[in-house]
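Open the model in your viewer and keep the sequence panel visible. The stops below tell you what to select and what is there.

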Amino acid sequence: MLTRLIAKLFMAVLFGLGMSGTVFAHAGEHHSQNCFIDVGDIRLRLSGYQFQPGLENEHFCRVFPELGQIIIAVEPLEEGLENRQIALELLELSSWTDWLLNAEKAFAVIKQQPAKAFGAGLISVEQTIRQRGVYALKVIMQDDSGHLRHQYFVFLVGIPVKKILAVLAGLVLLAMGFIWSRRIAVKSNRAT
């Protein structure tokens, strides 16, 4: 029963990834728990932080394991962008159905940061998240020709992936032990 539910959720996520190319179009890289995205022709680094006990010195990218305060900072990787304006919007998934069919309409804005130049200090968005779920950061920048470009960065909050994987590994080991003990019992019954 539980394995069917997990399999269905896994298939739904894979289907969602395939159908929602707009949200996942950045094809970001991950190094040292930082994510890299391209907005137009500009490459940016995103770094996530949580300040709950035990998480103060960690950086997060796609998964924020605890509920509470999160901060996502954005910085350019190239020089000469000090005057470039950037705005951030924090979004929450409001419709799983829309995420599969039209990803841009599936998210609702929960916080907007007004446009700010990179040279004016740290560009970041901070929010206290009280509900587990799927969230996104929309990064909006103006390119050299004056056109607004945007990119989405999708992440999870309140999903303790390490704990879930540990429980799943334990369940797999229990299942393997059960199967192994049943085989031994069947062999011993045949021998007698």
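Is Glu82 buried, partly exposed or exposed? Select Glu82: this residue is partly exposed, because its relative accessible area is 41%. Buried means under 20% relative accessible area, exposed over 50%, and partly exposed in between, with a 1.4 Å probe and protein chains only. The areas come from the Shrake-Rupley method with a 1.4 Å probe, and for residues only the protein chains shown count as cover.

The model is predicted: local features need pLDDT of at least 70 and side-chain atom pairs count only at pLDDT 80 or more, while totals for chains, interfaces and linings use all residues. Residues are numbered from 1 along each chain as its sequence is written, and side-chain values use heavy atoms, with hydrogens and water left out.

**The whole chain**

Show the protein chain as a cartoon: there are 3 helices and 10 strands. Helices (H or I, at least four residues) and strands (E, at least two) are DSSP runs, numbered from the N terminus. Starting at the N terminus, the order is α-β-β-β-β-β-β-α-β-β-β-β-α. The chain has 192 residues, of which 33% count as buried.

**The negative patch**

Go back to Glu82, in the loop between strand E5 (68-76) and strand E6 (85-93). Add Asp41, Glu78 and Glu79 to the selection; with Glu82 they form a negative surface patch. Patch residues have over 30% relative accessible area and no salt bridge; like charges are joined within 9 Å, and nonpolar side chains (Val, Leu, Ile, Met, Phe, Trp, Tyr) within 5 Å. A salt bridge is a side-chain nitrogen of Lys or Arg within 4 Å of a carboxyl oxygen of Asp or Glu. Asp and Glu count as negative, with the charge placed at CG of Asp or CD of Glu.

**The disulfide**

Next select Cys35 and Cys61, which form a disulfide with their sulfur atoms 1.5 Å apart (the cut-off is within 2.5 Å). The pair links distant parts of the chain, 26 residues apart: Cys35 is in strand E2 (residues 34-39), and Cys61 is in the loop between strand E3 (42-50) and strand E4 (63-64). Both cysteines are buried. A search of the whole structure finds 1 disulfide.

**The nonpolar patch**

Select Val161, in helix H3 (residues 161-191). Val161 counts as partly exposed because its relative accessible area is 31%. Add Ile164, Leu165, Val167, Leu168, Leu171 and Leu174: with Val161 they form a nonpolar surface patch, with about 590 Å² of accessible area together.
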